[in-house]
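Biologist: I'm new to reading protein models. Could you walk me through one, feature by feature?

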Amino acid sequence: MQAQYTKLIICCDGLQCKQIEQLYNDIKNNSIHLFMLKKIYNKLTLLTKESVPVQTPSFEAIDTVNRNPIVTRYQIINHLVKKFGYTSYLEIGVRNPDECFNFIECAKKHGVDPGVEGDYVVDFNMTSDEFFAQNTNKYDIIFIDGLHIDEQVSRDIRNAIHSITENGTVLLHDCNPPTLHHAREDYYDFTTPAKDYWNGTVWKSIVEFRASELAQSYECNVVNTDWGVGIIRKTNNGHRIVNNNPFYSFRKFELNRSYYIGLISIEEFYLKYR
Ligand SMILES: C[S@@+](CC[C@H](N)C(=O)[O-])C[C@H]1O[C@@H](n2cnc3c(N)ncnc32)[C@H](O)[C@@H]1O
């Protein structure tokens, strides 16, 4: 009886409180027979299934939305360039400049890329590590979109915050992978439902940064658009999160994205930087 009752309560999730209360009283008063309870239980199971359809968006839908976002990474970048009157921009990982670099409206623009994904012309044909080892310039804005492995991304973040101007901004692409398949380590594993879409493990670097000492002096948020656009800026009232996900479990991360990566909506972004 107790087990049935427990099951019933689970099934009642989503029903009106009054209906649950009535059932509870009937059971308590023993005015319900077990066979009736079983009938109600079956009916409720059916009802719950019918009334709360599980809506899992298809991979195609997820990828289409991110591929054609309402607000793109370069619109976010251009908004900040305009707002802060920036004049110098650096992009780490350029690939085809017609996809982002050429849309950036900034007086001085530099690109870094070792040419892993195509033979495009860039100012610095080298890895980000090689670039930062020899760089003496300061940039107003640095967009990190090179090798999407957290170890590399975390290094890029630290190098970038030392290479920006006083009021500068560091941005990152691919911070909000929609599924574990998009967040896989191995780019070349095209057998998953994410096919060749790949955000890598950038999200882990964001969590790591937000939990680090640096988070006391730098705020870090991710705008929920275009696979997640991360924004890191100096602040006087930074807040360091507790990383209660030491194994960087994706399952745990996806239950509370706003906590782990400081996810904000497009509207919140425009409000924050109006
Ligand atoms: C995702 S693509 C960049 C896309 C581009 N930023 C955009 O918004 O359209 C990643 C690029 O990073 C480059 N890359 C790979 N490893 C790198 C590294 N260690 N340092 C810098 N760039 C790297 C690849 O050659 C590739 O062109």
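What follows is a conversation about how to read this model.

Modeller: Sure, but some ground rules come first. This is a predicted model, so to speak of local features we ask for pLDDT of at least 70, and side-chain atom pairs count only at pLDDT 80 or more, while totals for chains, interfaces and linings use all residues. Residues are numbered from 1 along each chain as its sequence is written.

Biologist: How many helices and strands does the chain have?

Modeller: There are 11 helices and seven strands in the chain. Both are DSSP runs numbered from the N terminus: helices are H or I with at least four residues, and strands are E with at least two.

Biologist: And how do I read a sheet?

Modeller: Strands of a sheet pair through backbone hydrogen bonds, either parallel or antiparallel. For us, two strands pair if DSSP finds at least two bridges between them. Here, seven strands make an open sheet with mixed pairing, in the order β2-β1-β3-β4-β6-β5-β7. The edges are β2 (108-112) and β7 (263-264), each of which pairs on one side only.

Biologist: What joins β1 to its partners β2 and β3?

Modeller: Five bridges join β1 to β2, and the two run parallel. Leu 90 sits opposite His 110 in β2. On to β3: it is joined to β1 by four bridges, again parallel, and Tyr 89 has Ile 141 of β3 as its bridge partner. At the β7 edge, β5 (residues 218-223) runs parallel to β7 with two bridges, and Val 222 faces Leu 263 there.

Biologist: Which helices pack on the sheet?

Modeller: Two to look at are α5 and α7. Helix α5 (residues 73-84) touches β3 (139-144), β4 (164-172), β5 and β6 (229-234), and its direction makes about 170 degrees with that of β3. Helix α7 (residues 150-161) lies across β1 (88-92), β3, β4, β5 and β6, at about 160 degrees to β4. Such angles run from 0 to 180 degrees between N-to-C directions, with axes fitted as lines to C-alpha atoms, for helices over the stretch in contact.

Biologist: How do I describe two helices that pack together?

Modeller: Two packed helices are described by the angle between their axes and the distance between the axes. Take α7 and helix α8 (residues 202-211): their angle is about 50 degrees and their axes are 8 Å apart. That makes the pair oblique (under 35 degrees counts as roughly parallel, over 145 as roughly antiparallel, 65 to 115 as roughly perpendicular, and the rest as oblique).

Biologist: Which residues of α7 and α8 meet?

Modeller: Asp 150, Val 153, Ser 154 and Ile 157 in α7 meet Val 202, Lys 204, Ser 205, Glu 208 and Phe 209 in α8. Being in contact takes C-beta atoms, placed from the backbone, within 7 Å.

Biologist: Is α8 enclosed or not?

Modeller: It's largely enclosed by the rest of the structure, because eight of its 10 residues are buried. A residue is buried if 20 or more other C-beta atoms lie within 10 Å of its own, exposed if 12 or fewer, and partly exposed in between, with C-beta atoms placed from the backbone. The buried residues of α8 include Trp 203, Ile 206 and Arg 210. They pack against α7, β4, β5, β6, α9 (250-255) and α10 (257-261). Strand β1 is largely enclosed too, since four of its five residues are buried.

Biologist: And what is a nonpolar core?

Modeller: In soluble globular proteins, nonpolar side chains tend to be buried together. We define a core as a set of buried Ala, Val, Leu, Ile, Met, Phe, Trp, Tyr and Cys residues joined through C-beta atoms within 7 Å. The largest one here has 43 residues, and Ile 141, Ile 142, Ile 144, Leu 171 and Ile 206 touch the most other members. Leaving aside neighbours within four places in sequence, Ile 141 has contacts including Ile 77, Leu 80, Tyr 89 and Leu 171. Over the chain, 31% of the 274 residues are buried.

Biologist: Are the loop residues Asp 174 and Phe 103 buried or partly exposed?

Modeller: Asp 174, in the loop between β4 and α8, counts as buried because it has 26 C-beta neighbours inside 10 Å. Its phi is positive, about 65 degrees, although it is not a glycine. Phe 103 lies in the loop between β1 and β2 and counts as partly exposed, with 14 such neighbours inside 10 Å.
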